[in-house]
Amino acid sequence: MKSIHCAAVDLGATSGRIIVGTWRQDQLRLDEVHRFPNQFRPLGSHHYWEITALWAEICTGLQEAKRRFPALAAVGVDSWGVDHVLVDAAGRPVFPVHAYRDDRTQPGMKRLAAHGLARIYAATGIPNIFYNTSLQLEETISRFPAIRQMAKRCLFLPDYFNYLLSGRMENELSIASTSQLLGLGAAGFSPVALRRFGIPASWFSPPIKAGTRLGRVQNLPALRDVQVVAVPGHDTACAYDAMPAAPAGGDLFISSGTWSLVGFESETPVLGPAALAARISNERLGDGRYRPLTNIAGLWLLEQVLKDFGVQPANDRTWTALIKGAERAPRSAVLLDVADPAFVNPRSMRAAIDAYLRRHHGRPPAGLGGYLRLVCDSLGHGHAAALRRFERLSGLAFKRILITGGGAKNRLLCQATADAAGRPVVVCGQEGAATGNLASQLIALGKVKDLSTFRGLLGRRQPSIVYHPRPSSLSSHNAGTAPCSFSSSARTMPAATESR
Ligand code: LFR
């Protein structure tokens with residue numbers, strides 16, 4: 001059987017990558033052809049993405065992919081959620097691209113909390129989160145009313161890069177579902193939500209499902225015979241697709257990157273006052289089903305602490321040494337509530353942690369190891385609390401926790417999660433989002449029958465690491481094997497602190 005090569009453009013908030021997937025004899029091999037750091041930057045009192053730099057990196061990566069794999073068949077783009085580009089009819093950006101951590105949405109968020117939130121939740125299934133596209137667009141329009149005339153379309157980031165690649169302006173379903181503007185079921189964008197936030201309905205088109213072919217690459221001559229596929233645009237949807245879940249259910253998913261996205265797959269949304277109070281987001285998979293999840297702060301805390309200490313782990317060896325140091329550090333008597341808004345975008349994460357501990361009668365750790373340990377233990381507790389909330393609200397019982405993303409190689413974090421949740425944590429590889437992105441392309445090209453076939457094939461390969469809950473969190477970690485894995489990867493995995 002002939003090999004087929006597809007390129008996944010996978011954009012994270014702190015790093016991006018172009019990974020070529022080669023499918024041959026029911027196995028997926030990953031080759032990372034380009035990786036680059038990403039960050040939002042301040043300008044005055046706001047924060048912005050460098051959209052031109054991102055496009056330049058994408059072009060570099062895709063040209064390299066084509067050079068190394070001349071038979072490259074397709075490309076798909078996924079990214080973090082909610083952020084978007086407002087363009088005119090000719091596709092020209094008419095407003096700077098704000099980063100979701102910018103705090104311009106705070107007043108709108110308070111207004112929504114005070115009035116109308118239950119109605120918006122019933123219509124969209126998305127709770128009141130500071131970064132929602134709904135709140136961002138509301139702020140943009142109220143500050144710059146003329147934008148209603150200047151902008152003709154709102155494209156989420158993967159939609160925008162799909163447009164640059166293929167010339168087609170579309171809104172893909174999974175990424176649209178992060179906005180708090182998409183209706184439940186097959187309703188498309190919600191008139192109730194659009195009216196509430198004062199957003200022109202004409203900015204959006206009926207969402208397309210993942211797997212839609214958008215045509216051939218137009219703007220990069222070297223790639224003109226390559227097909228652009230609208231994969232699940234949301235990285236979390238891709239990461240969930242890449243987890244070899246048991247067909248009978250019982251698995252909780254964690255996509256662990258800048259954020260920890262803890263959730264599961266469901267035919268129906270989880271709604272109602274208790275779900276809203278628990279901030280359950282009913283985001284969508286590429287095929288339209290739901291993935292009720294809760295978003296808790298993730299490796300962002302770790303990345304920011306390392307920055308404060310001036311440490312940038314360059315490779316796996318340095319990272320392993322850091323984790324070893326953290327394992328030797330004493331446990332903090334007080335853990336962090338990782339959902340505390342103080343950790344969203346502080347000037348110094350270390351100072352924010354110290355202040356939090358002092359407020360809760362704890363003591364700041366003595367050194368970097370202590371901070372790493374504190375963050376991992378706190379995240380583990382955050383994951384376990386989310387699992388318990390989901391069990392309460394859905395009536396389901398989760399037998400295993402499947403984890404993918406940068407945090408999947410952080411054994412301190414995986415063990416802390418297993419201990420706090422009392423369930424085994426099964427490591428499902430780090431490049432979940434890119435793998436799910438590639439799966440969607442392979443299905444669109446007719447090379448793999450469907451997602452459950454892909455997951456089944458994935459699950460049959462190599463045994464993977466499992467962290468079993470320890471009776472006492474003082475005993476050492478205990479790794480075994482379970483039937484959940486990714487097939488061989490030809491690339492060296494990135495440092496675990498690089499994340500979405
Ligand atoms: C992760 C992620 C989360 C989303 C957050 C902000 O990369 O996509 O799912 O809630 O970024 O968009």
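Student: How many of the 13 residues of helix 16 are buried?
Tutor: Heads-up, this is a predicted model: local features need pLDDT of at least 70, side-chain atom pairs count only at pLDDT 80 or more, and totals for chains, interfaces and linings use all residues. Residues are numbered from 1 along each chain as its sequence is written. Helices (H or I, at least four residues) and strands (E, at least two) are DSSP runs numbered from the N terminus, and a residue is buried with 20 or more other C-beta atoms within 10 Å of its own, exposed with 12 or fewer and partly exposed in between, the C-beta atoms being placed from the backbone. Helix 16 is largely enclosed by the rest of the structure, because the buried count is 13 of 13.

Student: What span would you expect for helix 16 at 1.5 Å a residue?
Tutor: The expected span is 1.5 Å times one less than the number of residues. Helix 16 has 13 residues and reaches 18 Å from its first C-alpha to its last, close to the expected 18 Å.

Student: At what angle does helix 16 run to strand 1?
Tutor: Angles here run from 0 to 180 degrees between N-to-C directions, with axes fitted as lines to C-alpha atoms (for helices, over the stretch in contact). Helix 16, residues 432-444, lies across strands 1, 2, 3, 6, 9 and 10. Relative to strand 1, helix 16 runs at about 135°.

Student: What is the strand order in the open sheet of 6 strands?
Tutor: Two strands count as paired if DSSP finds at least two bridges between them. Pairing in this sheet is mixed, and the order is 3-2-1-6-10-9.

Student: Which are the edge strands there?
Tutor: An edge strand in this sheet pairs on one side only. The twist averages 25° from one strand to the next. The edges are strand 3 and strand 9.

Student: Which residue of strand 2 is the bridge partner of Ile4?
Tutor: Strand 1 (residues 4-11) pairs with strand 2 in the antiparallel sense over 8 bridges, and the two form a hairpin with 3 residues between them. Strand 2, residues 15-24, is mostly covered, with 8 of its 10 residues buried. Opposite Ile4 in strand 2 you'll find Trp23.

Student: Over how many bridges do strand 2 and strand 3 pair?
Tutor: Thr22 stands opposite Arg29 in strand 3, and the hairpin of strands 2 and 3 has 2 residues between the strands. The pairing is antiparallel, and its bridge count is 10.

Student: Is Asp26, with its phi near 60°, buried, exposed or partly exposed?
Tutor: Most residues other than glycine have a negative phi, so a positive one is worth a look. Asp26 lies in the loop between strand 2 and strand 3, where Gln25 also takes a positive phi, near 45°. Because Asp26 has 16 C-beta neighbours inside 10 Å, the class is partly exposed.

Student: Which helix gives the largest share of the largest nonpolar core?
Tutor: Such a core is a set of buried Ala, Val, Leu, Ile, Met, Phe, Trp, Tyr and Cys residues joined through C-beta atoms within 7 Å. This one has 142 residues, and those touching the most other members include Ala7, Val9 and Val75. With contact meaning C-beta atoms, placed from the backbone, within 7 Å, Val9 touches residues including Ile18, Ile58 and Phe161. The largest share, 10 residues, comes from helix 14.

Student: Which glycine comes just after helix 15?
Tutor: Helix 15 is largely enclosed by the rest of the structure, because 11 of its 11 residues are buried. Its buried residues pack against elements including helix 12, helix 14 and strand 15. The glycine just after helix 15 takes a positive phi of about 70°, and its name is Gly422.

Student: What radius of gyration does the protein have?
Tutor: There are 17 helices and 18 strands. The globule rule (2.2 Å times the number of residues to the power 0.38, with the radius taken over C-alpha atoms) gives 23 Å for 500 residues, and the protein comes close to that, so it is as compact as a globular protein of that length. The radius itself is 21 Å.

Student: What percentage of the 500 residues is buried?
Tutor: The C-alpha trace spans about 60 × 60 × 45 Å along its principal axes. Among contacts between residues at least 6 apart in sequence, 73% join residues at least 24 apart. As for buried residues, their share is 53%.

Definitions and conventions:
Contact = placed C-beta atoms within 7 Å. Lists of a residue's contacts leave out its neighbours within four places in sequence.
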